[in-house]
Amino acid sequence: MLIAHIFYKSKWNPLTALLMSAILLLPAFTAEASSVKKDEPTYPDNLTSIGNRVFENCGSLAEINVDPGNKYYCSEHGILYAIDETGNKTGLICCPAKKSGTVNIPDSITWIEEYAFSDCGELTKLIIPNNVESISFRAFEGCTNLTIYGKANSYAQTYAREHRM
């Protein structure tokens, strides 16, 4: 398991954080450093748990990749999602800080993790589906240019209004 907050405010880049997590907590995980890009880490198929805030202050993070054989996580367009036993995306874990423009969250998502969009300063538009019922604490911290869009009377619309987004 990658411990939440373990690399908080660390000066390590995402690759170092990923590799240190693997060394400390995933002894079965081995990878050649040359096969992992510094700003685009790839999680192995045997990763079973990721804590929140693992990528906080990783401003150079461009995308997150997950081995297609992983039964708990997947990535799409560089965004990290939790999946259920049938492979459907259920939760949004992390959007890389370098993501810009518009993100349209898949309809199957029901929750957004704490700090999921932390420091996504170039993200301008986020479309949240009606199925989202939970947005965790500080999910959008550091998103200075972000506008949230959701259908009328949806949880997303209420959240955006309450947080002036």
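Which residue of β10 does K125 stand opposite? In this predicted model, the partner of K125 is T147 in β10. That pair is a handy way into the structure, since it sits where β8 meets β10, two strands that run parallel and are joined by three bridges. Below is a short tour, from the overall make-up to the sheet and then the cysteines.

**Overall make-up**

- The protein has two helices and ten strands.
- Reading from the N terminus, the order of elements is α-β-β-β-β-β-β-β-β-β-β-α, with a helix at the start and another at the end of the series.
- Of the 165 residues, 44% count as buried.
- The accessible surface amounts to about 8,600 Å², and carbon and sulfur atoms contribute 48% of that area.
- Among contacts with a separation of 6 or more, 32% are between residues 24 or more positions apart.

**The β6-β8-β10 sheet**

- Three strands make up an open sheet with the order β6-β8-β10, and their pairing is parallel.
- The edges of this sheet are β6 and β10, each of which pairs on one side only.
- From one strand to the next, the twist averages 20°.
- On one side of β8 (residues 123-127) lies β6 (residues 101-104), and four bridges join these parallel strands.
- Within that pairing, V103 is found opposite L126 in β8.
- The link between β8 and β10 (residues 147-149) consists of three bridges, again with the strands running parallel.
- It is here that K125 faces T147 of β10.
- As a general reminder for reading such a sheet, side chains in a regular strand alternate between its two faces.

**The cysteines**

- How many disulfides does the count come to? The count comes to zero.
- C120 has its closest cysteine sulfur in C95, at 4.0 Å, and the two are not bonded because that distance is too far for a bond; the cut-off is 2.5 Å.
- C143 is in no disulfide either, as the nearest cysteine sulfur, in C120, is 5.0 Å away.
- Is C120 buried or exposed? C120 counts as buried because its relative accessibility is 0%.
- C143 is buried as well, with a relative accessible area of 10%; this value qualifies because buried means under 20%.

Technical notes. Residues are numbered from 1 along each chain as its sequence is written. This is a predicted model: local features need pLDDT of at least 70, side-chain atom pairs count only at pLDDT 80 or more; totals for chains, interfaces and linings use all residues. Side-chain values use heavy atoms; hydrogens and water are left out. Two strands pair if DSSP finds at least two bridges between them. Axes are lines fitted to C-alpha atoms, for helices over the stretch in contact, and angles run from 0 to 180 degrees between N-to-C directions. Buried means under 20% relative accessible area, exposed over 50%, partly exposed in between (1.4 Å probe, protein chains only). Contact means heavy atoms within 4.5 Å. Accessible areas come from the Shrake-Rupley method with a 1.4 Å probe; for residues, only the protein chains shown count as cover.
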